[in-house]
Amino acid sequence: MDVFEAMGTARAMRRLKPDPVPQELIDKLMWAATRAPSPGNSQGWDLIVVDDPAKKQPIGDAVRAAMTARVAAMPRTDRTTRLLLDGTARLVEAFAEAPVIIFVAGPVIYPTHAPREQFTWSALYPAAQNIIVAARALGLGAVFTTLHNSVEPVVREVLQIPAEIRIAATIPIGWPEGKFGPVNRRPIEDFVHRNGWEGDKRGASS
């Protein structure tokens, strides 16, 4: 699949089938994650792949306890928000049923003489995005989440993640229940500043 097609159709898949994902596909996701850029090629990635039900269940229970009422209380003011929150509610309820959950994490190690946390995130988020795009190219459903933030003590205890390791993203992986399709985005002209902030967003300098 062309990389532009993968990026353009990588919808957030919050509803996943429980069917197992072959190990060779997970290995490809790990390969993709470790092709991401990192500051000074420091490669400060720790990719925690969880497919053991005994590990997923306590984390899923914690996510459900922490997030169910919170998501239910969020206002559904329009169709887009309703679909997002309904999908999130389903993900929260069935979190432990995702065949694979990948935690993208890593240490604060760059620069070596005076490590700064901001460089950790600049390594971890590109790795997470590579996983999302690669999953789409392989026909796998994936969604970028920060659900670990609500249950981080449980995640760290169950997976024995050291305190000095930062967790950037939690990505459930599986075969999607829904269909891939074009992501809903505004036109690029709404975002691009030409030759500076005051540049005409339509492409010509003001």
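Leu 16 is buried in this predicted model. Its relative accessible area is 11%, and the cut-off for buried is under 20%. The residue sits in the loop between α1 (3-9) and α2 (23-33).

What does Leu 16 touch, leaving aside its neighbours within four places in sequence? The contacts are Ala 98, Gly 141, Pro 172, Ile 173, Gly 174, Trp 175, Pro 176 and Glu 177. Leu 91 is a further reference point: 75 residues separate Leu 16 from Leu 91 in sequence. In space, their C-alpha atoms are 8.2 Å apart.

Backbone geometry comes next. Two asparagines have a positive phi, each in a residue other than glycine.

| Residue | Phi | Location | Relative accessible area |
|---|---|---|---|
| Asn 41 | near 55 degrees | loop between α2 and β1 (46-50) | 54%, exposed |
| Asn 195 | near 60 degrees | segment after β4 (166-174) | 68%, exposed |

Why does Asn 41 count as exposed? Its relative accessible area is 54%, and exposed means over 50%. Asn 195 also counts as exposed, because its relative accessibility is 68%.

Where is the cis peptide bond that leads into Pro 111? It runs from Tyr 110 to Pro 111, with omega near -10 degrees. Pro 111 belongs to the loop between β2 (100-106) and α5 (117-137).

Terms used:
Residues are numbered from 1 along each chain as its sequence is written. This is a predicted model: local features need pLDDT of at least 70, side-chain atom pairs count only at pLDDT 80 or more; totals for chains, interfaces and linings use all residues. Side-chain values use heavy atoms; hydrogens and water are left out. Helices (H or I, at least four residues) and strands (E, at least two) are DSSP runs, numbered from the N terminus. Buried means under 20% relative accessible area, exposed over 50%, partly exposed in between (1.4 Å probe, protein chains only). Contact means heavy atoms within 4.5 Å.
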